[in-house]
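Subject: Structure handover

Hello,

Here is the structure I said I would pass on, with the sequence alongside. My notes on it follow below.

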Amino acid sequence: PEWYLGPLECHQIPGFLGEADCGLYPLERMAGVPRVLMEAMAAGQAALTYPVGAVNELIENEVNGFLCRDAEDMLEKAHILQGHPELMERLGRSARETIRQNWSEEHLLRQFAVRLEEISRPCSP
C-alpha cells in the first residue's frame, strides 16, 4: 500500500528492504550492475527490471527475478507474484543465493586473488 521512490540513507536500506516482498526497478538506462538490484536480491527479494546494462549478469529470468519487456510486462509479473507467494519466496531465495555465490565480498576477493596470481607469474621466455 505504501510506495517510496527516491534515495535512502545507508542505515535505512536494510529495514526498508526487509519489509518488502519484491522490488520493481524500471531501470531504462544503465551501465554496469545496478547496486539497488544487488541490495534487493541480497535481502531475498525477487527483482523485476528491464534487461539493461549488465543486468543480465545478475538476473536469470524466472530463476532469481524477472527481466521484463516493458512496464505492462512488469506489472503483469508483479501480479503473478502477488498471487503466488511461493513463487515470490523461491525467486527471493534464489536471488539471495546468487548474491552469496557470485557477488559477495568473499567471492569477489577470491576472484581478485586469482587475477593477482595470474598477473604476478613470471613470463616464459
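Two residues are said to be in contact when they have heavy atoms within 4.5 Å of each other. With that in hand, leucine 58 is a good place to start: leaving aside its neighbours within four places in sequence, leucine 58 is in contact with Val33, Pro34, Leu37, Met38, Met41, Asn64, Thr98, Ile99 and Trp103. Please keep in mind that this is a predicted model.

Overall picture

The protein has five helices and three strands. Read from the N terminus, the elements follow the order α-β-α-β-β-α-α-α. Taken along the principal axes, the C-alpha atoms fill a box of roughly 65 × 30 × 30 Å. Of the 125 residues in the protein, 33% are buried. The exposed surface comes to about 8,800 Å², and carbon and sulfur atoms supply 55% of that area. Counting contacts between residues at least 6 apart in sequence, 46% join residues at least 24 apart.

Leucine 58 and isoleucine 99

Leucine 58 sits in the loop between S2 and S3. Is it buried or exposed? Leucine 58 is buried, because its relative accessible area is 2% and the cut-off for buried is under 20%. Its C-alpha atom is separated by 9.3 Å from that of methionine 41, and the two residues are 17 apart along the chain.

Isoleucine 99, one of the contacts of leucine 58, belongs to helix H4. Isoleucine 99 also counts as buried, at 10% relative accessibility. Along the chain, isoleucine 99 and leucine 58 are 41 residues apart, while their C-alpha atoms are separated by 8.3 Å. Apart from neighbours within four places in sequence, isoleucine 99 is in contact with Met38, Met41, Ala42, Leu58 and Ser104. Met38 and Met41 therefore appear in the contact list of isoleucine 99 and in that of leucine 58, where contact means heavy atoms within 4.5 Å.

Helix H2

Met38 and Met41 bring us to helix H2, which covers residues 35-42. Which residues of H2 are buried? They are Leu37, Met38, Ala40 and Met41. These residues cover an arc of only 165° around the axis, so they lie on the same side of H2. The buried residues of H2 pack against helix H1 (13-19), strand S1 (22-25), strand S2 (46-49) and helix H4 (85-102).

After H2 comes glycine 44, with a positive phi near 85°. Most residues other than glycine have a negative phi. Glutamate 62 is a residue other than glycine with a positive phi, near 65°. Glutamate 62 lies in the loop between S2 and strand S3 (65-67) and is partly exposed, at 48% relative accessibility.

The second largest pocket

Glycine 44 turns up again here. The second largest pocket holds about 150 Å³ of space. Its lining is made of 13 residues, and Ala20, Asp21, Gly44, Met88 and Glu89 are the ones that lie nearest its centre. H1 and H4 are the elements that give two or more residues to this lining. Which element gives the largest share of the lining of the second largest pocket? That is H4, with six residues. Sorted by class, the lining has five nonpolar, four polar and four charged residues.

Two further residues

Leucine 75 is placed in helix H3, residues 71-83. Leucine 75 is partly exposed, with a relative accessible area of 49%. From C-alpha to C-alpha, leucine 75 and leucine 24 are 8.7 Å apart in space, and in sequence they are 51 residues apart.

Glutamate 105 is in helix H5, which covers residues 105-120. Glutamate 105 counts as exposed because its relative accessible area is 59%, and exposed means over 50%. Glutamate 105 and alanine 95 are 10 residues apart in sequence and 16 Å apart in space, C-alpha to C-alpha.

If you open the model, I suggest starting at leucine 58 and its contacts Met38, Met41 and Ile99, among others. From there you can move on to the buried side of H2 and then to the lining of the second largest pocket.

Best regards

How values were computed
Residues are numbered from 1 along each chain as its sequence is written. This is a predicted model: local features need pLDDT of at least 70, side-chain atom pairs count only at pLDDT 80 or more; totals for chains, interfaces and linings use all residues. Side-chain values use heavy atoms; hydrogens and water are left out. Buried means under 20% relative accessible area, exposed over 50%, partly exposed in between (1.4 Å probe, protein chains only). Helices (H or I, at least four residues) and strands (E, at least two) are DSSP runs, numbered from the N terminus. The arc is that of the directions from the helix axis to the C-beta atoms. On a 1 Å grid over the protein atoms alone, a cavity is a set of points where a 1.4 Å probe fits but cannot get out, and a pocket is an open set with protein on both sides within 12 Å along at least five of seven lines; lining residues have an atom within 4 Å of a point. Grid points are joined across faces, edges and corners, and a volume is the space filled by probe spheres set on the points. Ala, Val, Leu, Ile, Met, Phe, Trp, Tyr, Cys and Pro count as nonpolar, Asp, Glu, Lys and Arg as charged, and the others, Gly among them, as polar. Accessible areas come from the Shrake-Rupley method with a 1.4 Å probe; for residues, only the protein chains shown count as cover.
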